[in-house]
Structure formats: structure tokens, C-alpha cells
Amino acid sequence: MGRIPASEGDGERDGIGTNPHSGRRETEEERADRQWGDLLQELRVAQTGVQILFGFLLAVVFQPRFADLSTVDRNIYVVTVMLGSATAAALIGPVSYHRLLTGRRMKPQTVTWASRLTKLGLGLLFCTMCSTLLLILRVALHNVVALWLVGVMALWFAVCWFVFPLWAIARDKGKRDPGEPSSGTDDPDPRG
């Protein structure tokens, strides 16, 4: 992998310059290592929640009351379990990706693809949470109020998980000069 070119006056360590995306003085490999560590911390939180949720979903079918569910509720359950499976696969996928590519000098590419899988996993987690809430609230309430409550929670999830971060990005870009490096941690995949 290539190194970030040293900018004028940067003579502390050969081959290290200021990263235009983060404002940090690091090589491409150092940046990938830092981003991989950040991503692992994020995945630990998401994976634990998904695994617990998925375990509960799998146990539902073995409960005596499952036989009393309507066809619609059983279909919602099947969709929810499939979404939970897809979510677990996407959020555990970066571990497999990293393990299979370890030692091949592909850390920056690994971080990029792991970041993409994580974003996909978060989108699937959003769908899984909404579907789980729909199933539970339909069984608990037996009326249309369940749909309204799920809609409100889906909106809240979307605001917390997507709107606030995008709003912060928009605010940050408006306050900085285009050539000024961003503050905080940078996205492992600047293309999205």
C-alpha cells in the first residue's frame, strides 16, 4: 500500500503526511488500523443486541401461544426471523471478511468493505426492530394502535440512527472551508 505523501514542512517521519480526510498525520495503513479498531467497537455493540434479539425470536416458535397466532402474525414472524438472520449475517460478516483477508496486505480494502457491511447491517437492524415491534404490539393490542406505535418508533429510530448523524455532517460542512480537514473520526469509506 502506498503512503500518504508528506506535505511541505512535515519532516518528523518519512512518508507520513497529513491525511486530507481526517487532518491526522498517518499512513494509509495506520489509518486503516485506527478505523478497524473503531469499527470493531461499533460492531461489538450492534452484534450483541442482534444476537440477543435473534435468540428471542428463534424461541418464540416454541412457545405454546404461537399456535394461536393468526396467519398475518405468523407471516410477520417469518419475515422478522428472516430479517434478523440477514442482520446477523451482515453484522458478523466483517469478522469473516477480516479473518479471510488477514496477512494479505489488504487492510484498507477490508475496512472499506467491512464498513459497507456494517451500514447494510444497521439498515437491516432498523427493519428487524420495526418488524419485531409490529409483531409484539399486534399480539398485545389486537388493534390499529399497534401500527401507529410502530410508525412512531420507526421514525424515532430513523432520527437517532440516520437523521442526527446526517444533520451533524451537513452542519459541519457548512462551518468549515472546503480545504480544511474534518474534525473527529472520519468515515472509513468516504464514497459511502
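Colleague: Why is Met153 called partly exposed?
Modeller: Buried means under 20% relative accessible area and exposed over 50%, with partly exposed in between (1.4 Å probe, protein chains only). Met153 has 32%, so it is partly exposed. This is a predicted model, in which local features need pLDDT of at least 70, side-chain atom pairs count only at pLDDT 80 or more, and totals for chains, interfaces and linings use all residues. Residues are numbered from 1 along each chain as its sequence is written, and side-chain values use heavy atoms, with hydrogens and water left out.

Colleague: Where is Met153 found, and which helices and strands does the protein chain have?
Modeller: Met153 is in helix α4. The protein chain has four helices and zero strands; these are DSSP runs numbered from the N terminus (helices H or I, at least four residues; strands E, at least two). Of its 192 residues, 34% are buried.

Colleague: What makes the nonpolar surface patch?
Modeller: Patch members have over 30% relative accessible area and no salt bridge (a side-chain nitrogen of Lys or Arg within 4 Å of a carboxyl oxygen of Asp or Glu), and nonpolar side chains are joined within 5 Å. The patch covers about 960 Å², and Met153, Phe162 and Leu122 are among its residues. Helix α4 gives the most, with nine residues.

Colleague: How many aromatic pairs does a search of the whole structure find?
Modeller: Rings of Phe, Tyr and Trp (its six-membered ring) pair if their centres lie within 6.5 Å; planes under 30 degrees apart are stacked, over 60 edge-to-face, the rest tilted. The search finds six pairs.

Colleague: What makes the pair of Phe126 and Phe157 edge-to-face?
Modeller: Their planes stand at 75°, with 6.5 Å centre to centre, so the pair counts as edge-to-face. Phe126 lies in helix α3 and Phe157 in helix α4, 31 residues apart, and the pair links distant parts of the chain. Both residues are buried.

Colleague: Why is the pair of Trp161 and Phe162 edge-to-face?
Modeller: Their ring centres are 6.3 Å apart and their planes are at 75°, which is over 60 degrees, so the pair is edge-to-face. Trp161, at 30% relative accessibility, is partly exposed, and so is Phe162 at 32%. Ring pairs link these two with Phe126 and Phe157 into a cluster.

Colleague: How do you know that the span of α3 agrees with its 35 residues?
Modeller: The expected span is 1.5 Å times one less than the number of residues. That gives 51 Å for α3, and its end C-alpha atoms are 49 Å apart, which agrees. Just after α3, His142 takes a positive phi of about 55°.

Definitions and conventions
Patches are made of residues with over 30% relative accessible area and no salt bridge: like charges are joined within 9 Å, nonpolar side chains (Val, Leu, Ile, Met, Phe, Trp, Tyr) within 5 Å. Accessible areas come from the Shrake-Rupley method with a 1.4 Å probe; for residues, only the protein chains shown count as cover.
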